[in-house]
Amino acid sequence: MKNNIEYEEYFRVGMGTESVAPFLRSFVRMVRPNRILEVGAGYTTPFLLEGLELNNEIINEGNLDQKYVDWHQKNYNPRLVVVDTEEILCSTIDNYIEFEKGDFKGKSQELYEKYGEFDFVWFDCGGAEEYDIFMREYWDICSEYVIFHYTYYQGKPTMNLGMVMQHITGHEQLSGASNVQRMDFIEPHKEGQGSITMFKKIKEQRRS
């Protein structure tokens with residue numbers, strides 16, 4: 001099963017990220033975030049890092065936005081902030097990673113003061129209680145893409161997703177939660193650990 005798997009040393013059977021990890025790398029390449037937060041290190045970590053490293057280069061296929069290119073040359077200084085109880089070393093590209101060892105609970109203000117808002121978040125940690133705590137503590141410091149793992153089981157929403165959604169549409173709705181888009185990605189061949197749900201915060205356009 002593990003033959004020809006990238007970053008095989010980080011792979012763990014049953015974690016359900018063998019397809020998610022390269023997807024996240026490609027997504028990082030597309031949306032080019034500047035501050036990534038990963039809660040729950042693992043197989044996805046080296047892929048997220050590689051995405052940031054590859055983003056140092058801008059491929060010119062004839063459709064570049066020169067304003068972005070000019071900004072990138074002066075300001076591109078990305079970081080992957082990883083919160084986990086165990087540190088993962090990715091020695092080839094460690095210069096992009098900031099490891100915050102310990103529990104993510106109660107760290108949101110500290111992380112915000114050190115890194116600012118996070119425009120790309122990958123959350124894969126614990127169960128419904130942890131998803132609830134993340135939304136309560138971290139939602140306000142997430143500025144764009146927020147992606148959660150294991151949101152469906154056998155084609156039906158899990159309690160993890162339920163906890164998230166109560167803050168998006170329920171009676172405990174958080175500020176700004178009404179202005180988001182949601183997309184579910186479900187792997188039909190899996191029983192568990194085969195889904196992600198992505199939220200994108202929509203930035204309000206200023207009226208002139």
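In this predicted model, the sulfur of Cys142 sits 14 Å from the closest cysteine sulfur, the one in Cys125, and that is too far for a bond. Looking from the other end, Cys125 finds its closest cysteine sulfur in Cys142, again at 14 Å and too far to bond. A disulfide needs two cysteine sulfur atoms within 2.5 Å, and the count by this rule comes to zero. The surroundings of the two cysteines can be described as well. Cys142 is buried, with a relative accessible area of 2%, whereas Cys125 is partly exposed at 23%.

Next comes helix 5, which covers residues 128-138. Is this helix enclosed or open? Eight of its 11 residues are buried, so helix 5 is largely enclosed by the rest of the structure. The buried residues are Ala128, Glu130, Tyr131, Asp132, Ile133, Phe134, Met135 and Tyr138. As for what does the covering, the list includes strand 1 (35-39), helix 4 (108-115) and strand 4 (118-123), along with strand 5 (142-149) and helix 6 (159-168).

Helix 6 is also where His167 lies. With a relative accessibility of 1%, His167 counts as buried. Leaving out neighbours within four places in sequence, His167 is in contact with Asp132, Met135 and Arg136, among others. Two of these partners, Asp132 and Met135, turn up again among the buried residues of helix 5. The other contacts of His167 are Glu172, Gln173, Leu174 and Ala177.

Over in the strands, Thr197 and Asp184 make a good pair to look at together. Thr197 belongs to strand 9 (residues 195-201), and Asp184 to strand 8 (residues 180-186). Thr197 counts as buried, its relative accessibility being 0%, while Asp184 counts as partly exposed at 29%. Their side chains meet in a polar contact of 2.6 Å. Each side chain has a further polar partner: Thr197 joins the side chain of Thr151 at 2.8 Å, and Asp184 joins the side chain of Tyr152 at 2.9 Å.

Who else is around? Setting aside residues up to four places away in sequence, Thr197 touches Val146, Ile147, Phe148, Thr151, Tyr152, Leu161, Arg182, Met183 and Asp184. With neighbours within four places left out in the same way, Asp184 is in contact with Tyr152, Leu161, Ile196 and Thr197. So far as the backbone goes, Asp184 and Thr151 are 33 residues apart along the chain, yet their C-alpha atoms are separated by 8.2 Å.Another link between parts of the chain involves Asp103, whose place is in the loop between strand 3 (97-101) and helix 4. Asp103 counts as partly exposed, with 38% relative accessibility. Its C-alpha atom is 7.1 Å from that of Val83, and the two residues are 20 apart in sequence. Val83 is also in contact with Asp103, as is Thr85, once neighbours within four places in sequence are left aside. The side chain of Asp103 also reaches the backbone nitrogen of Lys105, at 3.0 Å.

The backbone has a couple of quirks too. Most residues other than glycine have a negative phi. Tyr7, however, has a positive phi of about 50 degrees without being a glycine. This residue is found in the segment before helix 1 (20-31), and Tyr7 is partly exposed, with a relative accessible area of 24%. Gln154 also has a positive phi, near 50 degrees. Gln154 is found in the loop between strand 6 (152-153) and strand 7 (156-157).

Finally, there is the largest pocket, which holds about 580 Å³ of space. How many residues line the largest pocket? The lining is made up of 29 residues, and those nearest the centre of the pocket are Arg12, Gly40, Ala41, Gly42 and Asp84. Sorted by class, the lining has 12 nonpolar, 10 polar and seven charged residues.

Notes: Residues are numbered from 1 along each chain as its sequence is written. This is a predicted model: local features need pLDDT of at least 70, side-chain atom pairs count only at pLDDT 80 or more; totals for chains, interfaces and linings use all residues. Side-chain values use heavy atoms; hydrogens and water are left out. Buried means under 20% relative accessible area, exposed over 50%, partly exposed in between (1.4 Å probe, protein chains only). Helices (H or I, at least four residues) and strands (E, at least two) are DSSP runs, numbered from the N terminus. A polar contact is a pair of N or O atoms within 3.5 Å; within protein, one must be able to donate a hydrogen and the other to accept it, and residues adjacent in sequence count only if both atoms are side-chain atoms. Contact means heavy atoms within 4.5 Å. On a 1 Å grid over the protein atoms alone, a cavity is a set of points where a 1.4 Å probe fits but cannot get out, and a pocket is an open set with protein on both sides within 12 Å along at least five of seven lines; lining residues have an atom within 4 Å of a point. Grid points are joined across faces, edges and corners, and a volume is the space filled by probe spheres set on the points. Ala, Val, Leu, Ile, Met, Phe, Trp, Tyr, Cys and Pro count as nonpolar, Asp, Glu, Lys and Arg as charged, and the others, Gly among them, as polar.
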